[in-house]
Amino acid sequence: DTAARFAAYADLVAARLGDRVKLWITLNEPFVHMSLGYGTGLHAPGRTMLFDAFPVAHHQLLGHAMAVAALRARSGSPVAIANNYTPVRTIGDTDEDRAAAAAAYEALHNRLFTDPLLGLGYPEGTVDDPSVVHDGDLAVIAAPIDVLGVNYYNPTGVRAPREGSPLPFELVPLGGYPRTA
């Protein structure tokens, strides 16, 4: 329902502003919204679902795709989505460190929102509830876009989690923007 409502909103905005907007960006940094708003609770709405937040990612992508269709129906301007990406640097030299960086963080941060847009489906290990993805959803999400926005701030260090951690990785600051606890 949220995805459909977002598309209806995009339709209303395009009906009103479609002749003046030169580039539409449906979503900005959906990974941040999912991970900080629903995964860790640092942003609104403050949920702490950790890896049970996959439905948020899927419904954002579905809403994006439905909004693309609505915008194209009302405007000839290019349509985009913008995500933030980070080069993932493995910290440590164990197989567990490499697995945490490659499988867990790379797939979650960099590929979860891009692979489906490119028609590649969701990265292995990111779909925790396959019943959320309905027949035809991935085809809708893979509808062509004109621009893929890339927001890049700094690399992210990742290593295997410490014992007792609920996460499959641990983030290690590498510099760049200061991080707060």
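In the predicted model, Leu23, Ile25 and Val147 make a nonpolar surface patch of about 230 Å². Isoleucine 25 belongs to strand E1. Its relative accessible area is 47%, so isoleucine 25 is classed as partly exposed, below the 50% cut-off for exposed residues.

Strand E1 is part of an open sheet. This sheet has 3 strands in the order E1-E2-E4, and the pairing is parallel. E1 and E4 are the edge strands, each pairing on one side only. On average, neighbouring strands of the sheet are turned by 30° against each other, direction ignored. Strands of a sheet pair through backbone hydrogen bonds, in either a parallel or an antiparallel sense.

The contact between E1 (residues 24–28) and E2 runs over 3 bridges in the parallel sense. Here isoleucine 25 has alanine 80 of E2 as its bridge partner. Isoleucine 25 thus appears both in the surface patch and in the E1 to E2 pairing. On the E4 side, E2 pairs with strand E4 (residues 147–152) over 6 bridges, again in the parallel sense. Two of the residue partnerships can be named. Asparagine 83 is matched with valine 150 of E4, and asparagine 84 with asparagine 151 of E4.

Strand E2 spans residues 79–85 and is mostly covered, with 7 of its 7 residues buried. In a regular strand, side chains alternate between the two faces of the sheet. In E2, Val79, Ile81, Asn83 and Tyr85 point one way. Ala80, Ala82 and Asn84 point the other way. Residues of both sets are buried. The bridge partner of isoleucine 25, alanine 80, is among these buried residues.

Helix H2 covers residues 30–39. It is mostly covered, with 8 of its 10 residues buried. The buried residues are Pro30, Phe31, Val32, Met34, Ser35, Gly37, Tyr38 and Gly39. After H2 comes glycine 41, which has a positive phi, near 80°.

A second open sheet also has 3 strands. Its order is E3-E5-E6, and its pairing is mixed. Strand E3 (88–90) and strand E6 (170–172) form the edges, and each pairs on one side only. Neighbouring strands of this sheet are turned by 40° against each other on average, direction ignored. Strand E5 (residues 156–159) and E6 pair in the antiparallel sense over 3 bridges. Within this pairing, glycine 157 has valine 172 of E6 as its bridge partner.

Aromatic contacts were searched over the whole structure, giving 4 pairs. In one of them, the ring centres of phenylalanine 54 and tyrosine 122 lie 4.9 Å apart with the planes at 85°; the pair is therefore edge-to-face, as the angle is over 60 degrees. The pair links distant parts of the chain, 68 residues apart. Phenylalanine 54 sits in helix H3 (residues 54–74). Tyrosine 122 sits in the loop between helix H4 (95–111) and helix H5 (137–141). Phenylalanine 54 has 2% relative accessibility and counts as buried. Tyrosine 122, at 13%, also counts as buried, because the cut-off is 20%. Elsewhere, ring pairs link Phe51, Tyr105 and Phe169 into a cluster.

Charged contacts add 8 salt bridges to the structure. One of them joins the side chains of aspartate 1 and arginine 5, at 2.8 Å from N to O. Both partners are exposed: aspartate 1 has a relative accessible area of 67%, and arginine 5 has 58%. Another joins the side chains of aspartate 19 and arginine 20, at 3.4 Å from N to O. Aspartate 19 is exposed at 62%, and arginine 20 is exposed at 52%.

The salt bridge between arginine 162 and glutamate 170 has its closest N and O atoms 3.2 Å apart. Its two ends differ in accessibility. Arginine 162 is exposed, with a relative accessible area of 57%, whereas glutamate 170 counts as buried at 17%. Salt bridges with shared partners join Arg159, Arg162 and Glu170 into one network.

Note on methods
Residues numbered from 1 in each chain as written. Predicted model: local features only at pLDDT ≥ 70, side-chain atom pairs only at ≥ 80, totals over all residues. Heavy atoms only, no water. Phe/Tyr/Trp six-rings, centres within 6.5 Å; stacked < 30°, edge-to-face > 60°. Helix = DSSP H or I, 4+ residues; strand = E, 2+ residues; numbered from the N terminus. Buried < 20%, exposed > 50% of the residue type's maximum accessible area, 1.4 Å probe, protein only. Pairing = 2+ DSSP bridges. Patch = residues over 30% accessible without salt bridge, like charges linked within 9 Å, V, L, I, M, F, W, Y side chains within 5 Å. Areas by Shrake-Rupley, 256 points an atom, 1.4 Å probe, with all protein chains shown as cover. Salt bridge = Lys/Arg side-chain N within 4 Å of Asp/Glu carboxyl O. Axes fitted to C-alpha atoms, helices over the stretch in contact; angles between N-to-C directions.
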